[in-house]
Amino acid sequence: MKLTDLKKDVAKGNLQPIYLIEGPDNYIQNAAKKILTALIPEDQQVMNVGTYDLENTDLGLLLDDAQSSPFFGNYRLVIANNPVFLTGEKTKVKFNLDGLINYLKQPEPTTILVFAAKYEKLDGRKKIVKDLKKQATVIDANPPKEADTRQLIQQFVNERQIQIASPAVEELILRTGNNLAQVINELEKLTVYAADSKHIDLEAVQKLVPKSLTQNVFDLIKVLMKEDVRQSIADYSVLLLNQEQPLRINAALVSQFRLLLQVKILTERGFSQGKLAQELRAHPYRIKLAMQAVRQFDMASLKRAFLGLLDLEEQLKTTQRPPQELFELFLVKFKNGWQ
């Protein structure tokens with residue numbers, strides 16, 4: 001189930017006794033819990049909403065709460081954060097899972113029990129994971145695909161009776177790296193800006209939404225790989241003027257070139273975009289941009305840039321020479337084939 005489907009179900013009163021919010025995306029995790037918490041009237045939430053951190057709390061306390069009747073209300077909401085026993089991680093707390101397994105078979109009808117599993121992956125071999133997925137309604141909290149982000153953007157502006165142009169949507173996704181939390185934060189700003197015109201265009205996004213370091217670095221890589229020394233120096237200077245630290249810029253460059261090399265190698269072996277994202281544990285949007293970029297770059301140039309940036313990192317840490325001077329020296333060496 002996606003977040004939009006949960007909203008529709010709750011609006012229609014189609015509630016389930018057990019939910020599993022599965023995936024690491026912070027925005028979706030928090031939004032799903034907010035939707036479910038809104039089911040409990042605000043004046044009843046102190047008595048009828050219980051939140052537990054299962055990294056430090058025994059399951060017995062949570063189950064006692066789940067089996068209690070709501071206090072002067074229709075529903076009781078119990079949220080289980082960090083259910084680490086669903087993963088392969090070791091924990092200090094010893095969990096007696098028999099009680100939970102029994103509860104899953106016959107949940108309390110007036111309780112909504114929510115497991116907020118903010119993990120990349122659950123241990124599907126465990127009986128408790130199999131039982132929970134069988135009984136629970138699973139809400140997908142994995143990083144969204146572009147199509148999902150576009151749908152959420154459209155829903156966001158529709159609720160505020162504002163229109164957004166297609167180029168503006170694409171630029172917003174590009175500048176935020178398809179990070180859903182950042183997309184929503186920027187939309188809040190854009191809808192205030194468009195309060196009178198009721199329209200968000202490309203110019204508004206370009207004016208109000210700053211590029212992330214990742215996006216700026218990606219732009220820098222494109223001119224760097226074209227061996228455009230003058231533009232590369234200009235782009236690097238802008239990053240420094242924006243108070244970005246030289247070591248942080250270099251770390252982002254190294255990280256991006258490492259990803260490009262990995263994507264180049266694996267795409268040549270026939271890996272799909274989805275398989276790459278899973279194998280490299282990278283955001284699908286980063287993988288998409290990398291796949292588009294590596295078609296233009298040869299392996300030798302990628303390796304040369306990567307090794308040169310590692311050498312630049314060492315110099316940034318061990319010498320007193322100005323960072324921009326060191327970067328310019330790297331560019332000259334790269335253009336000359338690293339002689």
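## Exercises on a predicted model

In this predicted model, the axes of helix α4 (residues 59-66) and helix α5 (residues 98-105) come within 10 Å and cross at roughly 25 degrees.

**Exercise 1. Work out how α4 lies relative to α5, and which residues meet.**

Step 1. Let's start with what we need: two packed helices are described by the angle between their axes and the distance between the axes.

Step 2. Take the angle, roughly 25 degrees. Angles under 35 degrees count as roughly parallel, so α4 is roughly parallel to α5.

Step 3. Now the handedness: α4 and α5 make a left-handed crossing.

Step 4. Look at who touches whom. From α4 come Leu59, Leu63 and Ala66, and they meet Gly99, Leu100 and Tyr103 of α5. Sorted by class, this contact has five nonpolar residues, one polar residue and no charged ones.

**Exercise 2. Decide whether tyrosine 103 is buried or exposed, and find its contacts.**

Step 1. Find the residue: tyrosine 103 sits in helix α5.

Step 2. Check its relative accessible area, which is 2%. Buried means under 20%, so tyrosine 103 is buried.

Step 3. List its partners, skipping neighbours within four places in sequence. Tyrosine 103 is in contact with Leu63, Ala66, Gln67, Glu108, Thr111 and Leu113.

Step 4. Pick one partner, alanine 66. Tyrosine 103 and alanine 66 are 37 residues apart in sequence, yet their C-alpha atoms are 9.0 Å apart in space.

**Exercise 3. Describe the crossing of α7 and α8, and sort the contact residues by class.**

Step 1. Grab the geometry. Helix α7 (residues 146-159) and helix α8 (residues 166-176) have axes that come within 11 Å and cross at roughly 120 degrees.

Step 2. Name the arrangement. An angle of 65 to 115 degrees would be roughly perpendicular, and over 145 roughly antiparallel. Roughly 120 degrees fits neither range, so α7 and α8 are oblique to each other.

Step 3. Add the handedness: the crossing of α7 and α8 is right-handed.

Step 4. Collect the residues. Glu146, Thr149, Arg150 and Ile153 of α7 make the contact with Val169, Glu170, Leu172 and Ile173 of α8. By class, that gives four nonpolar, one polar and three charged residues.

**Exercise 4. Place two charged residues in their loops, aspartate 58 and arginine 321, and find a polar contact for each.**

Step 1. Begin with aspartate 58, found in the loop between β2 (49-53) and α4. Its relative accessibility is 38%, so aspartate 58 counts as partly exposed.

Step 2. Look for its polar partner. A polar atom of the aspartate 58 side chain lies 2.7 Å from the backbone nitrogen of glycine 60.

Step 3. Over to arginine 321, in the loop between α16 (299-318) and α17 (323-335). With a relative accessible area of 39%, arginine 321 is partly exposed.

Step 4. Find what arginine 321 reaches. Its side chain makes a polar contact of 2.8 Å with the side chain of glutamate 325. Not counting residues up to four places away in sequence, arginine 321 touches Leu326 and Leu329.

**Exercise 5. Step back and describe the whole chain.**

Step 1. Count the elements: the chain has 17 helices and seven strands.

Step 2. Check burial: of its 339 residues, 46% count as buried.

Step 3. Get the dimensions. Along the principal axes, the C-alpha atoms fill a box of roughly 75 × 55 × 40 Å. For a distance inside the chain, try aspartate 58 and glutamine 315, whose C-alpha atoms are separated by 51 Å.

Terms used. Residues numbered from 1 in each chain as written. Predicted model: local features only at pLDDT ≥ 70, side-chain atom pairs only at ≥ 80, totals over all residues. Heavy atoms only, no water. Axes fitted to C-alpha atoms, helices over the stretch in contact; angles between N-to-C directions. Helix = DSSP H or I, 4+ residues; strand = E, 2+ residues; numbered from the N terminus. Left-handed = near helix turned anticlockwise from the far one by under 90°. Contact = heavy atoms within 4.5 Å. Nonpolar A, V, L, I, M, F, W, Y, C, P; charged D, E, K, R; others polar. Buried < 20%, exposed > 50% of the residue type's maximum accessible area, 1.4 Å probe, protein only. Polar contact = N/O pair within 3.5 Å; in protein donor to acceptor, adjacent residues only side chain to side chain.
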